[in-house]
Amino acid sequence: MSDIRERLEMIRRQAVRQMEEVHTAESLNEIRVAVLGKKGELKDLMKGLKDVSAEDRPRIGQMVNETRNIIESRLEEVKTRLEREKMARDLENEKIDVTLPARKAVIGHRHPNQIALEEVERIFVGMGYEVVEGPEVEYDEYNFTKLNIPANHPAKDEQDTFYINKDIVLRTQTSPVQARVMETGKMPIRMIAPGRVFRSDEVDATHSPSFHQIEGLVVDKNITLADLKGTLQEFAREIFGPDTRTKFRPHHFPFTEPSAEMDVSCFKCGGKGCRFCKGEGWIEILGCGMVHPHVFEMCGIDPNEYTGFAFGVGLERIALLKYEIDDMRLLYENDIRFLKQF
Ligand code: DAH
(Lines give C-alpha, C1' and ligand atoms only; values in the text may rest on other atoms or scores of the structure.)
Protein backbone atom coordinates (compact mmCIF):
# COMPACT_ATOMS: atom_id res chain seq x y z
CA MET A 1 0.00 0.00 0.00
CA SER A 2 2.58 2.59 1.04
CA ASP A 3 4.65 1.56 -1.92
CA ILE A 4 1.80 2.44 -4.26
CA ARG A 5 1.10 5.66 -2.42
CA GLU A 6 4.74 6.65 -2.94
CA ARG A 7 4.65 5.87 -6.64
CA LEU A 8 1.47 7.90 -7.08
CA GLU A 9 3.07 10.73 -5.18
CA MET A 10 6.09 10.59 -7.45
CA ILE A 11 4.01 10.56 -10.62
CA ARG A 12 2.04 13.54 -9.39
CA ARG A 13 5.05 15.56 -8.31
CA GLN A 14 6.95 14.88 -11.50
CA ALA A 15 3.95 15.80 -13.66
CA VAL A 16 3.37 19.04 -11.75
CA ARG A 17 7.03 20.02 -12.03
CA GLN A 18 7.10 19.32 -15.75
CA MET A 19 3.93 21.35 -16.23
CA GLU A 20 5.48 24.34 -14.55
CA GLU A 21 8.15 24.49 -17.21
CA VAL A 22 5.80 24.09 -20.15
CA HIS A 23 5.46 26.94 -22.66
CA THR A 24 3.30 25.49 -25.44
CA ALA A 25 -0.02 23.68 -25.72
CA GLU A 26 1.78 20.87 -27.61
CA SER A 27 4.21 20.05 -24.82
CA LEU A 28 1.39 20.24 -22.30
CA ASN A 29 -0.49 17.66 -24.30
CA GLU A 30 2.59 15.43 -24.39
CA ILE A 31 2.59 15.43 -20.58
CA ARG A 32 -1.13 14.58 -20.51
CA VAL A 33 -0.57 11.60 -22.81
CA ALA A 34 2.49 10.40 -20.91
CA VAL A 35 0.69 10.45 -17.57
CA LEU A 36 -3.02 9.92 -18.20
CA GLY A 37 -2.99 8.33 -21.68
CA LYS A 38 -3.86 4.74 -22.59
CA LYS A 39 -0.25 3.77 -22.31
CA GLY A 40 0.49 6.37 -19.67
CA GLU A 41 2.09 6.03 -16.27
CA LEU A 42 -1.19 5.72 -14.35
CA LYS A 43 -2.46 2.90 -16.58
CA ASP A 44 0.90 1.24 -16.19
CA LEU A 45 0.64 1.39 -12.46
CA MET A 46 -2.89 -0.06 -12.54
CA LYS A 47 -1.70 -3.02 -14.53
CA GLY A 48 0.68 -3.93 -11.69
CA LEU A 49 -2.23 -4.07 -9.23
CA LYS A 50 -3.76 -7.35 -10.39
CA ASP A 51 -2.61 -9.04 -7.24
CA VAL A 52 -3.94 -6.52 -4.76
CA SER A 53 -6.43 -7.95 -2.32
CA ALA A 54 -10.11 -7.24 -2.79
CA GLU A 55 -10.30 -5.28 0.44
CA ASP A 56 -7.47 -2.91 -0.52
CA ARG A 57 -8.74 -2.40 -4.03
CA PRO A 58 -11.31 0.39 -3.29
CA ARG A 59 -8.74 2.40 -1.32
CA ILE A 60 -6.19 2.12 -4.06
CA GLY A 61 -8.80 2.97 -6.71
CA GLN A 62 -9.65 6.05 -4.73
CA MET A 63 -5.98 7.07 -4.42
CA VAL A 64 -5.46 6.68 -8.17
CA ASN A 65 -8.58 8.76 -8.86
CA GLU A 66 -7.42 11.48 -6.52
CA THR A 67 -4.04 11.65 -8.23
CA ARG A 68 -5.74 11.73 -11.63
CA ASN A 69 -8.06 14.54 -10.50
CA ILE A 70 -5.21 16.58 -9.13
CA ILE A 71 -3.20 16.18 -12.33
CA GLU A 72 -6.23 16.95 -14.50
CA SER A 73 -7.11 20.13 -12.66
CA ARG A 74 -3.47 21.16 -12.80
CA LEU A 75 -3.47 20.52 -16.56
CA GLU A 76 -6.53 22.77 -16.85
CA GLU A 77 -4.82 25.53 -14.90
CA VAL A 78 -1.69 25.39 -17.03
CA LYS A 79 -3.81 25.35 -20.19
CA THR A 80 -5.53 28.56 -19.07
CA ARG A 81 -2.15 30.12 -18.23
CA LEU A 82 -0.78 29.23 -21.68
CA GLU A 83 -3.86 30.69 -23.39
CA ARG A 84 -3.52 33.90 -21.45
CA GLU A 85 0.15 34.13 -22.30
CA LYS A 86 -0.58 33.61 -25.98
CA MET A 87 -3.25 36.31 -25.96
CA ALA A 88 -0.83 38.74 -24.31
CA ARG A 89 1.78 37.93 -26.97
CA ASP A 90 -0.75 38.46 -29.76
CA LEU A 91 -1.85 41.78 -28.31
CA GLU A 92 1.75 42.85 -27.99
CA ASN A 93 2.33 42.04 -31.64
CA GLU A 94 -0.73 43.99 -32.72
CA LYS A 95 0.18 47.01 -30.71
CA ILE A 96 0.15 50.28 -32.71
CA ASP A 97 2.01 53.33 -31.57
CA VAL A 98 -0.45 56.07 -32.44
CA THR A 99 2.07 58.73 -31.49
CA LEU A 100 4.42 57.79 -34.38
CA PRO A 101 4.57 60.47 -37.10
CA ALA A 102 2.53 59.58 -40.20
CA ARG A 103 4.32 58.37 -43.29
CA LYS A 104 4.71 61.24 -45.76
CA ALA A 105 2.37 60.93 -48.75
CA VAL A 106 3.91 61.78 -52.09
CA ILE A 107 1.58 64.22 -53.79
CA GLY A 108 1.79 65.45 -57.34
CA HIS A 109 2.33 68.98 -58.53
CA ARG A 110 0.33 71.07 -60.91
CA HIS A 111 2.20 71.65 -64.14
CA PRO A 112 3.20 75.31 -64.76
CA ASN A 113 1.06 75.20 -67.92
CA GLN A 114 -1.92 74.11 -65.85
CA ILE A 115 -1.35 76.80 -63.22
CA ALA A 116 -1.09 79.45 -65.94
CA LEU A 117 -4.21 78.11 -67.67
CA GLU A 118 -6.24 78.18 -64.46
CA GLU A 119 -5.08 81.74 -63.85
CA VAL A 120 -6.12 82.85 -67.35
CA GLU A 121 -9.46 81.06 -67.02
CA ARG A 122 -10.07 82.66 -63.63
CA ILE A 123 -9.50 86.13 -65.07
CA PHE A 124 -11.78 85.70 -68.08
CA VAL A 125 -14.49 83.75 -66.29
CA GLY A 126 -14.47 86.65 -63.81
CA MET A 127 -15.27 88.95 -66.74
CA GLY A 128 -18.20 86.78 -67.78
CA TYR A 129 -16.52 84.62 -70.43
CA GLU A 130 -17.41 81.00 -71.08
CA VAL A 131 -14.69 78.34 -71.47
CA VAL A 132 -15.27 76.17 -74.58
CA GLU A 133 -13.31 73.48 -76.36
CA GLY A 134 -12.86 72.45 -79.97
CA PRO A 135 -11.35 69.42 -81.72
CA GLU A 136 -7.59 69.00 -82.06
CA VAL A 137 -8.10 67.15 -85.35
CA GLU A 138 -9.82 69.79 -87.44
CA TYR A 139 -11.10 70.39 -90.95
CA ASP A 140 -8.83 72.48 -93.16
CA GLU A 141 -11.97 74.54 -93.76
CA TYR A 142 -12.25 75.62 -90.09
CA ASN A 143 -8.53 75.91 -89.44
CA PHE A 144 -8.01 78.07 -92.55
CA THR A 145 -10.83 78.84 -95.00
CA LYS A 146 -13.45 80.16 -92.57
CA LEU A 147 -10.74 82.27 -90.96
CA ASN A 148 -10.10 84.06 -94.24
CA ILE A 149 -7.06 81.96 -95.10
CA PRO A 150 -7.96 80.60 -98.57
CA ALA A 151 -6.05 77.91 -100.48
CA ASN A 152 -2.61 79.10 -101.58
CA HIS A 153 -2.58 81.79 -98.90
CA PRO A 154 0.99 82.19 -97.59
CA ALA A 155 -0.20 81.86 -93.97
CA LYS A 156 -0.85 78.19 -94.70
CA ASP A 157 2.84 77.65 -95.32
CA GLU A 158 3.88 79.84 -92.41
CA GLN A 159 2.03 77.56 -90.03
CA ASP A 160 3.80 74.35 -91.12
CA THR A 161 0.70 72.25 -91.00
CA PHE A 162 0.47 68.52 -90.21
CA TYR A 163 -2.04 67.09 -92.70
CA ILE A 164 -4.09 63.99 -91.91
CA ASN A 165 -5.44 64.03 -95.46
CA LYS A 166 -6.12 66.85 -97.92
CA ASP A 167 -9.18 68.08 -95.97
CA ILE A 168 -8.19 67.32 -92.39
CA VAL A 169 -5.33 68.76 -90.33
CA LEU A 170 -4.01 68.82 -86.78
CA ARG A 171 -5.15 72.34 -85.90
CA THR A 172 -2.33 74.85 -86.08
CA GLN A 173 -4.17 77.36 -83.89
CA THR A 174 -7.18 77.51 -81.57
CA SER A 175 -8.81 80.12 -83.83
CA PRO A 176 -11.03 77.51 -85.60
CA VAL A 177 -13.05 77.32 -82.34
CA GLN A 178 -14.13 80.92 -83.12
CA ALA A 179 -15.71 79.78 -86.36
CA ARG A 180 -17.42 76.85 -84.65
CA VAL A 181 -18.92 79.04 -81.93
CA MET A 182 -20.00 81.81 -84.33
CA GLU A 183 -21.73 79.25 -86.54
CA THR A 184 -24.07 78.27 -83.71
CA GLY A 185 -25.57 81.78 -84.13
CA LYS A 186 -26.15 82.26 -80.39
CA MET A 187 -25.46 85.88 -79.52
CA PRO A 188 -23.78 87.54 -77.75
CA ILE A 189 -20.50 85.59 -77.61
CA ARG A 190 -17.91 85.92 -74.85
CA MET A 191 -15.69 82.89 -74.85
CA ILE A 192 -12.16 81.61 -74.40
CA ALA A 193 -11.01 78.33 -75.97
CA PRO A 194 -7.84 76.81 -74.52
CA GLY A 195 -6.23 73.82 -76.19
CA ARG A 196 -3.40 72.00 -77.83
CA VAL A 197 -2.17 73.03 -81.28
CA PHE A 198 0.37 71.47 -83.66
CA ARG A 199 2.98 72.74 -86.10
CA SER A 200 5.77 70.82 -87.74
CA ASP A 201 8.49 72.73 -85.93
CA GLU A 202 11.82 71.44 -84.70
CA VAL A 203 12.19 71.27 -80.92
CA ASP A 204 14.33 74.02 -79.38
CA ALA A 205 14.20 76.44 -76.43
CA THR A 206 11.27 78.36 -77.93
CA HIS A 207 9.61 75.85 -80.30
CA SER A 208 7.80 72.56 -80.09
CA PRO A 209 5.64 70.62 -82.58
CA SER A 210 2.86 70.67 -80.00
CA PHE A 211 2.00 73.55 -77.70
CA HIS A 212 -1.05 75.33 -76.30
CA GLN A 213 -3.00 78.46 -77.11
CA ILE A 214 -5.92 80.25 -75.57
CA GLU A 215 -8.27 81.81 -78.05
CA GLY A 216 -10.63 84.59 -77.07
CA LEU A 217 -13.69 85.93 -78.88
CA VAL A 218 -16.29 88.56 -78.09
CA VAL A 219 -19.13 89.30 -80.50
CA ASP A 220 -22.03 91.62 -79.79
CA LYS A 221 -23.58 94.83 -81.03
CA ASN A 222 -21.32 97.89 -80.71
CA ILE A 223 -18.13 96.11 -79.72
CA THR A 224 -15.20 98.42 -80.50
CA LEU A 225 -11.43 98.49 -80.47
CA ALA A 226 -11.71 100.24 -77.09
CA ASP A 227 -13.35 97.10 -75.66
CA LEU A 228 -10.49 95.01 -77.00
CA LYS A 229 -7.85 97.28 -75.49
CA GLY A 230 -9.58 97.64 -72.14
CA THR A 231 -10.13 93.89 -71.82
CA LEU A 232 -6.59 92.89 -72.73
CA GLN A 233 -5.07 95.63 -70.57
CA GLU A 234 -7.05 94.34 -67.63
CA PHE A 235 -5.95 90.79 -68.42
CA ALA A 236 -2.27 91.88 -68.54
CA ARG A 237 -2.52 93.65 -65.18
CA GLU A 238 -4.19 90.71 -63.53
CA ILE A 239 -1.67 88.21 -64.78
CA PHE A 240 1.57 90.23 -64.58
CA GLY A 241 0.79 92.70 -61.81
CA PRO A 242 -1.08 96.02 -61.41
CA ASP A 243 1.82 98.18 -62.67
CA THR A 244 1.97 96.44 -66.03
CA ARG A 245 1.66 98.79 -69.02
CA THR A 246 0.52 97.60 -72.45
CA LYS A 247 1.36 98.61 -75.99
CA PHE A 248 -0.50 97.66 -79.15
CA ARG A 249 1.59 97.37 -82.32
CA PRO A 250 -0.10 97.14 -85.74
CA HIS A 251 0.23 93.65 -87.18
CA HIS A 252 -1.49 91.44 -89.70
CA PHE A 253 -3.69 88.41 -89.18
CA PRO A 254 -5.98 87.24 -91.99
CA PHE A 255 -9.03 86.88 -89.72
CA THR A 256 -8.92 90.28 -88.02
CA GLU A 257 -8.96 93.86 -89.33
CA PRO A 258 -7.36 95.88 -87.90
CA SER A 259 -4.92 93.50 -86.20
CA ALA A 260 -2.32 94.09 -83.54
CA GLU A 261 0.19 92.46 -81.26
CA MET A 262 0.14 93.40 -77.63
CA ASP A 263 3.36 93.95 -75.66
CA VAL A 264 3.54 94.27 -71.89
CA SER A 265 6.10 96.32 -70.01
CA CYS A 266 8.80 94.01 -68.68
CA PHE A 267 7.68 92.99 -65.19
CA LYS A 268 11.29 92.21 -64.29
CA CYS A 269 12.85 95.66 -64.95
CA GLY A 270 9.66 97.70 -65.16
CA GLY A 271 10.52 98.76 -68.73
CA LYS A 272 14.10 99.98 -68.35
CA GLY A 273 15.49 97.07 -70.32
CA CYS A 274 17.12 93.94 -68.89
CA ARG A 275 18.37 90.47 -69.83
CA PHE A 276 14.83 89.15 -69.46
CA CYS A 277 13.28 91.49 -72.06
CA LYS A 278 16.48 91.46 -74.11
CA GLY A 279 17.00 95.16 -73.40
CA GLU A 280 13.67 96.09 -75.00
CA GLY A 281 11.68 96.97 -71.90
CA TRP A 282 8.68 95.30 -73.62
CA ILE A 283 7.62 91.68 -74.04
CA GLU A 284 5.23 90.51 -76.78
CA ILE A 285 2.47 88.33 -75.40
CA LEU A 286 -0.45 88.00 -77.80
CA GLY A 287 -2.07 88.64 -81.15
CA CYS A 288 -5.46 90.29 -81.46
CA GLY A 289 -7.79 92.32 -83.65
CA MET A 290 -11.35 93.16 -84.68
CA VAL A 291 -13.11 90.20 -86.30
CA HIS A 292 -12.85 90.53 -90.09
CA PRO A 293 -16.23 91.18 -91.76
CA HIS A 294 -15.52 88.39 -94.22
CA VAL A 295 -15.06 85.91 -91.34
CA PHE A 296 -18.46 87.02 -89.95
CA GLU A 297 -20.07 86.42 -93.34
CA MET A 298 -18.54 82.96 -93.73
CA CYS A 299 -19.86 82.03 -90.27
CA GLY A 300 -23.36 83.33 -90.97
CA ILE A 301 -23.24 86.55 -88.93
CA ASP A 302 -24.27 89.92 -90.39
CA PRO A 303 -21.23 92.24 -90.08
CA ASN A 304 -23.50 95.29 -90.33
CA GLU A 305 -25.28 94.25 -87.15
CA TYR A 306 -22.46 92.73 -85.13
CA THR A 307 -18.85 93.53 -84.42
CA GLY A 308 -16.33 91.72 -82.27
CA PHE A 309 -12.77 91.26 -81.21
CA ALA A 310 -10.54 88.23 -80.95
CA PHE A 311 -7.19 87.35 -79.47
CA GLY A 312 -4.81 84.41 -79.24
CA VAL A 313 -2.33 83.84 -76.41
CA GLY A 314 0.39 81.21 -76.22
CA LEU A 315 -0.06 79.36 -72.94
CA GLU A 316 3.58 78.25 -72.69
CA ARG A 317 4.64 81.83 -73.27
CA ILE A 318 2.62 82.96 -70.25
CA ALA A 319 3.94 80.10 -68.09
CA LEU A 320 7.58 80.73 -69.12
CA LEU A 321 7.27 84.45 -68.39
CA LYS A 322 5.40 84.05 -65.14
CA TYR A 323 7.89 81.56 -63.73
CA GLU A 324 10.97 83.00 -65.47
CA ILE A 325 11.78 79.71 -67.18
CA ASP A 326 14.12 80.21 -70.12
CA ASP A 327 13.73 76.92 -72.00
CA MET A 328 10.35 75.63 -73.19
CA ARG A 329 11.68 72.04 -73.26
CA LEU A 330 11.51 72.01 -69.46
CA LEU A 331 7.73 72.22 -69.75
CA TYR A 332 7.55 69.02 -71.80
CA GLU A 333 10.20 66.84 -70.19
CA ASN A 334 8.19 66.53 -66.98
CA ASP A 335 11.26 65.99 -64.85
CA ILE A 336 9.84 65.67 -61.35
CA ARG A 337 12.72 67.73 -59.90
CA PHE A 338 11.62 70.62 -62.12
CA LEU A 339 7.87 70.22 -61.56
CA LYS A 340 8.35 69.96 -57.78
CA GLN A 341 9.10 73.69 -57.67
CA PHE A 342 5.55 74.71 -58.54
N1 DAH B 1 -4.12 82.27 -84.26
C2 DAH B 1 -3.02 83.21 -84.17
C3 DAH B 1 -1.71 82.45 -84.14
O4 DAH B 1 -1.70 81.27 -83.96
C5 DAH B 1 -3.14 84.01 -82.88
C6 DAH B 1 -4.25 85.00 -82.98
C7 DAH B 1 -4.00 86.27 -83.43
C8 DAH B 1 -5.53 84.63 -82.63
C9 DAH B 1 -5.00 87.20 -83.54
C10 DAH B 1 -6.56 85.56 -82.74
C11 DAH B 1 -6.28 86.84 -83.20
O12 DAH B 1 -7.83 85.28 -82.43
O13 DAH B 1 -7.29 87.75 -83.31
O14 DAH B 1 -0.67 83.05 -84.31
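1. Which strand does strand 5 (residues 210–220) pair with in the antiparallel sense over 8 bridges? The partner is strand 9, residues 307–314. If you want a spot to look at, take Q213, whose bridge partner in strand 9 is G314. Bear in mind while browsing that this is a predicted model.

2. Strand 9 also pairs with strand 8 (residues 282–291), again in the antiparallel sense, this time over 5 bridges. Here the pair to find is G287 and G312: G287 stands opposite G312 in strand 9. That puts strand 9 between strands 5 and 8 in the sheet order.

3. Now the whole sheet. It is an open one, built from 7 strands in the order 1-4-5-9-8-7-6, and its pairing is mixed. Strand 1 (130–131) and strand 6 (246–253) sit at the edges; each has a single partner strand, so one side of each is left without a neighbour in the sheet. As you scroll along any of this, a reminder: side chains in a regular strand alternate between the two faces of the sheet.

4. For edge strand 6, the partner is strand 7 (residues 256–265), and the two run antiparallel with 7 bridges between them. Within that pairing, F253 stands opposite T256 in strand 7.

5. Helix 8 (residues 176–183) deserves a look of its own. Because 6 of its 8 residues are buried, the helix is largely enclosed by the rest of the structure. The buried ones are P176, V177, Q178, A179, V181 and M182. After helix 8 comes G185, which has a positive phi, near 80°.

6. Helix 8 also takes part in a salt bridge: the side chains of E183 and K146 meet at 2.6 Å, N to O. The pair ties together distant parts of the chain, with E183 in helix 8 and K146 in the loop between helix 6 (140–143) and helix 7 (154–158), 37 residues apart. The two ends are not equally covered. E183 has 32% relative accessibility and so counts as partly exposed, while K146 is buried because its relative accessible area is 10%, under the 20% cut-off.

7. On salt bridges in general, opposite charges on side chains can pair when the charged atoms come close. The count for this model is 19. One of them joins E118 and R110, at 2.2 Å from N to O. E118, at 30% relative accessible area, is partly exposed, and R110 is partly exposed too, at 44%.

8. Another salt bridge brings the side chains of R329 and D327 together at 2.9 Å, N to O. R329 is partly exposed, with a relative accessible area of 32%, whereas D327 counts as buried at 18%. Elsewhere, E9, R12 and R13 are joined into one network by salt bridges that share partners.

9. Last, a patch of charge on the surface. Which lysines form the positive surface patch? They are K38, K39, K43, K47 and K50. K50 lies in the loop between helix 3 (41–47) and helix 4 (57–94). Why does K50 count as exposed? Its relative accessibility is 66%, and the cut-off for exposed is over 50%, so K50 falls in that class.

Methods. Residues are numbered from 1 along each chain as its sequence is written. This is a predicted model: local features need pLDDT of at least 70, side-chain atom pairs count only at pLDDT 80 or more; totals for chains, interfaces and linings use all residues. Side-chain values use heavy atoms; hydrogens and water are left out. Patches are made of residues with over 30% relative accessible area and no salt bridge: like charges are joined within 9 Å, nonpolar side chains (Val, Leu, Ile, Met, Phe, Trp, Tyr) within 5 Å. Accessible areas come from the Shrake-Rupley method with a 1.4 Å probe; for residues, only the protein chains shown count as cover. A salt bridge is a side-chain nitrogen of Lys or Arg within 4 Å of a carboxyl oxygen of Asp or Glu. Lys and Arg count as positive and Asp and Glu as negative; His and the chain ends are not counted. The place of a charge is taken as NZ of Lys, CZ of Arg, CG of Asp or CD of Glu. Helices (H or I, at least four residues) and strands (E, at least two) are DSSP runs, numbered from the N terminus. Buried means under 20% relative accessible area, exposed over 50%, partly exposed in between (1.4 Å probe, protein chains only). Two strands pair if DSSP finds at least two bridges between them.
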